[in-house]
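The following report concerns a protein model shown together with DNA. Readers are invited to view the sequence and the structure before turning to the text.

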2 protein chains.
Amino acid sequence: MSIDRRSHTPVYRQLANLIREGIRSGQYPAGGFLPSEATLAQEYGVGRDAVRKALALLRAEGRVTTERGERSRVRPELERVEIQLSAGDAVIGRMPDEPERGRLGLDEGVPIFEIHHRDGTIEVLPADRTKLTVPA
Amino acid sequence: MSIDRRSHTPVYRQLANLIREGIRSGQYPAGGFLPSEATLAQEYGVGRDAVRKALALLRAEGRVTTERGERSRVRPELERVEIQLSAGDAVIGRMPDEPERGRLGLDEGVPIFEIHHRDGTIEVLPADRTKLTVPA
DNA sequence: TACTATTTGTTCGTATGTATA
DNA sequence: GTATACATACGAACAAATAGT
């Protein structure tokens with residue numbers, strides 16, 4: 001599979017699909033580095049802008065992380081801590097805004113759980129390392 | 001408050017903060033349209049690129065939606081349907097990837113709940129219109 | 001129907017800043 | 001100190017969708 005210039009799907013979205021598939025298939029192993037933006041651009045025959053936009057999409061999906069000066073990395077699946085919910089709890093999910101994301105030290109593309117306890121307190125948990133369970 | 005060119009915080013992030021605050025304060029009412037990109041660029045004295053990046057941040061947070069040919073809109077808080085969890089259920093939260101997001105008809109910046117039932121079935125729900133509850 | 005104006009989307013180009021190796 | 005690599009920012013041109021005339 002490669003980039004189809006005549007497709008109505010934008011180049012950077014096609015590229016994101018290709019890279020995502022490469023991650024799923026193991027071509028780009030979890031925890032490992034992706035090729036540099038320049039390399040990806042050359043390998044797939046697209047501009048650097050398309051590469052950066054594709055990576056931005058994958059970051060927003062929580063699939064890759066990028067740090068300045070380093071090649072992007074495939075985000076490994078994290079161990080999830082089991083949190084037991086209690087009777088009367090209510091849970092909503094949402095994305096943190098940027099300041100909140102910074103405070104909580106979360107990567108891009110990581111949702112949060114808000115657990116509303118019966119006593120009115122609200123517990124905020126990162127959804128990428130949490131599994132909520134309902135006791136029997 | 002306005003853009004500080006000497007700040008280390010990038011212009012587009014400062015602008016996202018300003019618009020987010022404008023949404024929170026009611027200057028940009030929920031469900032209403034934001035000014036056009038060109039207008040925002042002129043009003044805040046930044047390039048269109050900075051405006052588009054700021055809007056992209058807010059979209060990824062689920063705060064605004066954008067459709068081609070139309071000005072961006074402040075995403076209203078949706079009514080949440082209450083879903084009762086059952087004993088033995090487990091819940092994780094994650095972002096959908098792009099194809100999945102299209103299939104489910106979700107806006108950007110909307111996480112999904114995966115409810116793993118005791119019988120092995122998995123229920124996928126949009127987190128922006130769902131509230132999970134634990135029965136007493 | 002047809003046309004125009006507005007608006008967002010995509011792509012490329014260029015330059016500069018900053019972190020890492 | 002140099003080279004590599006990612007981040008930010010501006011501008012320009014054109015495509016595509018929308019709304020109204």
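## Cavity and DNA surfaces

One cavity of 30 Å³ or more is counted in this structure, which is a predicted model. The space in this largest cavity amounts to about 30 Å³. Its lining is formed by A:Thr65, A:Thr66, A:Glu67, A:Glu70, A:Arg71 and A:Arg73. By class, this lining holds two polar and four charged residues, with no nonpolar residue.

One of the lining residues, A:Glu70, also has a polar side-chain atom 3.5 Å from a phosphate oxygen of DNA strand C. A:Glu70 is likewise listed among the closest residues to DNA strand D.

**DNA strand C.** The surroundings of this strand comprise 22 residues, of which A:Tyr12, B:Glu37, B:Arg48, B:Arg52 and B:Glu70 come nearest. Both protein chains are thus represented in that list, by A:Tyr12 and by residues including B:Arg48. Sugar or phosphate accounts for 66% of the atoms of DNA strand C within 4 Å of the protein, and bases account for the rest. Two arginine side chains, those of A:Arg68 and B:Arg48, each place an N or O atom 2.9 Å from a base nitrogen of the strand.

At least two residues of the surface near DNA strand C come from each of three helices: helix 1 (11–25) and helix 3 (48–60) of chain A, and helix 3 (48–60) of chain B. Helix 1 of chain A provides the largest share, three residues. In composition, this surface has 13 charged, six polar and three nonpolar residues.

**DNA strand D.** Around this strand there are 22 residues, and the closest are A:Arg52, A:Glu70, B:Arg5, B:Val11 and B:Arg68. Of the strand atoms within 4 Å of the protein, 77% belong to sugar or phosphate, while the rest belong to bases. Contacts with phosphate oxygens of DNA strand D include those in the table below.

| Residue | Protein atom | Distance to a phosphate oxygen of DNA strand D |
|---|---|---|
| A:Arg52 | side-chain N or O | 2.7 Å |
| B:Val11 | backbone N or O | 2.4 Å |
| B:Gly47 | backbone N or O | 3.0 Å |

The elements that contribute two or more residues to the surface near DNA strand D are helix 3 of chain A, together with helix 1 (11–25) and helix 3 of chain B. The residues of this surface divide into 13 charged, five polar and four nonpolar.

Conventions. Residues numbered from 1 in each chain as written. Chains lettered and ligands numbered in written order. Predicted model: local features only at pLDDT ≥ 70, side-chain atom pairs only at ≥ 80, totals over all residues. Heavy atoms only, no water. Near = heavy atom within 4 Å. Polar contact = N/O pair within 3.5 Å; in protein donor to acceptor, adjacent residues only side chain to side chain. Helix = DSSP H or I, 4+ residues; strand = E, 2+ residues; numbered from the N terminus. Nonpolar A, V, L, I, M, F, W, Y, C, P; charged D, E, K, R; others polar. 1 Å grid on protein atoms, 1.4 Å probe; cavity = no way out; pocket = protein on both sides within 12 Å on 5 of 7 lines; lining within 4 Å. Points joined across faces, edges and corners; volume = space filled by probe spheres on them.
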